[in-house]
Amino acid sequence: MIECNINNISKSFGADLIFENISFDIKTNERIGLVGPNGCGKTTIMKILIGDEHIQLGTISFRKGTKIGYLDQIPNFSDDKTVIEILENAFKEVYKLKREIDSLTNSFSSLSEVELETALKRYSSMIEKYELLDGYLIETNIKKVCSGLKINDNMKLMTFNLLSGGEKTRVMLARILLEKPSILMLDEPSNHLDLESIEWLESYLKDYDGAVLIISHDRYFLDNVCKKIIELTFSKAHVYHGNYSYYVIEKERRFLLELKVYLAHEKKIKRMEDQIERYRVWGRMRDSDKMFKRAKELERRLSKIEKLDKPKYENIKMKVNNIDISRSGKRVLSAYNIDKSFDDLILLMDTEIDLIYQDRLAILGNNGSGKSTFIKILLEDYNLEEPLYKWGSKVKIGYLAQEVKFKDDSLSVLDYFMKEHEVNQSRARTELAKALFIRDDVFKSIRNLSGGEKSKLKLCSLTFNKVNLMILDEPTNHLDIDSREILEELLLEFTGTILFVSHDRYFIKKIANRVGEIDDYHINYYEGDYDYYRYIKKRI
């Protein structure tokens, strides 16, 4: 059953056309991932569906009774509004019905026999509706959602305005899940969630009784939840009936097929053009009207053949040359008895790390467990003559922080690279081109770069410095899927050692060959990749 049909819609902001001729539908109980490059209009599509944006052309129709839920900006509530009141507001219709049932029940003793019979029929109908709305399961549903999203009893009693940004997002997500709309629309739902909460949300959405439309850069999340991917481009919505991994493979297969058709088409046109030229040559050589007539006939046939556009496949990768990186010693770092606390808050206690050359070690853990703190401790104690920290020989560290910053962000990309590495313009442009900063891109001011572009520039700088130990703290934060894949290609080509913190499971699975998990103030190590780590965790 189709819940919503989007037919040939177009959207512009002023003179800027965002997309045109976009068509797709949302069916009951579908799990759809909406993907595409930044700026292609994914969030705009969702806002159009809830009526916050209008369309210039096309139509949108909903099945009668379809209810939409959308997690967007965080609303403002009165200063005394508590979290539990906001969550219970998802059941205002049910609570209203419950009050009516209670009022009707209290009136039974004062009714005549005829009135009571009518009231009992009405009561039976109201109870049936109450059960249909899961009225008896309100408390159970609230506890289930709050447990999964780490909203504890203390947090429920807090006023909403005192929560952090991440906590507010979790509360609003919980409220929308409790409302159970026919079409649940989520824009980056895994932001501000730790791995345990993300896995709970995946499980919840798989069993959700309604359609789900998701925008996410978390490819593992899309893989686990979605069975249909819609790729949004400037002029079309491409539909793929499978999860994200299927979409990646199928997209390339379709491209290769389109390219094969295009090349065969071009070959046919070239043969006809060559034949036309031969007829003309023969006509001139033999002074033959017959040859010229054949040339003109073939030209007419050629003019009726529709020209095909060459298929485009936006999959350009960074070009990384790490042949000359300086090799570190076999043991990169051995550190023991690492302790860290903030007043009474203990993060790490008697923790250790043993990092070997070409390890790709992922540090995992719940939010607030001390992952970033652990990285900072190692960076701060690097080069200190401290017996607990034994760094290997010839270790050269490159560090990529969660928020990439530059000393002078008013510089252009080109000026920064020339100044930072003391190279001429020609050499700088050659190196920057490897990171896909080409043509006028090099003249962009650093402060005007996106998060992904800043990360690319920093990584380009690190690889030019021939670092042999990459330390990365949430490197995929703020990156779209294309930028994440570029980063992965770079790291897969990197021949040194990598130590990183990440919550991006797709990224972890692709890069890590060892996993360390912070739990109960210690790091437990798993001598295998992410799949091995998940296998062992399920057996424990």
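Which residue in strand 13 does L333 stand opposite? The legends below, for close-up views of a predicted model, begin with that pair.

**View 1. L333 and its partner across the strands.** L333 stands opposite W391, a residue of strand 13. The pairing of strand 10 (residues 331-342) with strand 13 is antiparallel and runs over three bridges.

**View 2. An open sheet of three strands.** The strand order is 11-10-13, and the pairing is antiparallel. Strand 11 (345-356) and strand 13 (389-391) are the edge strands; each has a single partner strand, so one side of each lacks a neighbour in the sheet. On average, neighbouring strands here are turned by 15° against each other, direction ignored. Helix 12 (residues 371-380) packs on this sheet and touches strand 10, strand 11 and strand 13. The direction of helix 12 makes about 120° with that of strand 10.

**View 3. Strand 6 and its parallel pairings.** Strand 6 (residues 183-187) is mostly covered, with four of its five residues buried. Strand 5 (residues 68-71) pairs with strand 6 in the parallel sense over four bridges, and L71 stands opposite L186 of strand 6. Strand 6 also pairs with strand 7 (residues 211-215), again in the parallel sense, over five bridges. In that pairing L184 stands opposite V212 of strand 7.

**View 4. A nonpolar surface patch.** L257, V261 and L308 make a nonpolar patch of about 240 Å² on the surface. L257 belongs to helix 10, which spans residues 244-286. L257 counts as partly exposed because its relative accessibility is 46%, a value between the 20% limit for buried and the 50% limit for exposed.

Key: Residues are numbered from 1 along each chain as its sequence is written. This is a predicted model: local features need pLDDT of at least 70, side-chain atom pairs count only at pLDDT 80 or more; totals for chains, interfaces and linings use all residues. Side-chain values use heavy atoms; hydrogens and water are left out. Patches are made of residues with over 30% relative accessible area and no salt bridge: like charges are joined within 9 Å, nonpolar side chains (Val, Leu, Ile, Met, Phe, Trp, Tyr) within 5 Å. Accessible areas come from the Shrake-Rupley method with a 1.4 Å probe; for residues, only the protein chains shown count as cover. A salt bridge is a side-chain nitrogen of Lys or Arg within 4 Å of a carboxyl oxygen of Asp or Glu. Helices (H or I, at least four residues) and strands (E, at least two) are DSSP runs, numbered from the N terminus. Buried means under 20% relative accessible area, exposed over 50%, partly exposed in between (1.4 Å probe, protein chains only). Two strands pair if DSSP finds at least two bridges between them. Axes are lines fitted to C-alpha atoms, for helices over the stretch in contact, and angles run from 0 to 180 degrees between N-to-C directions. Contact means heavy atoms within 4.5 Å.
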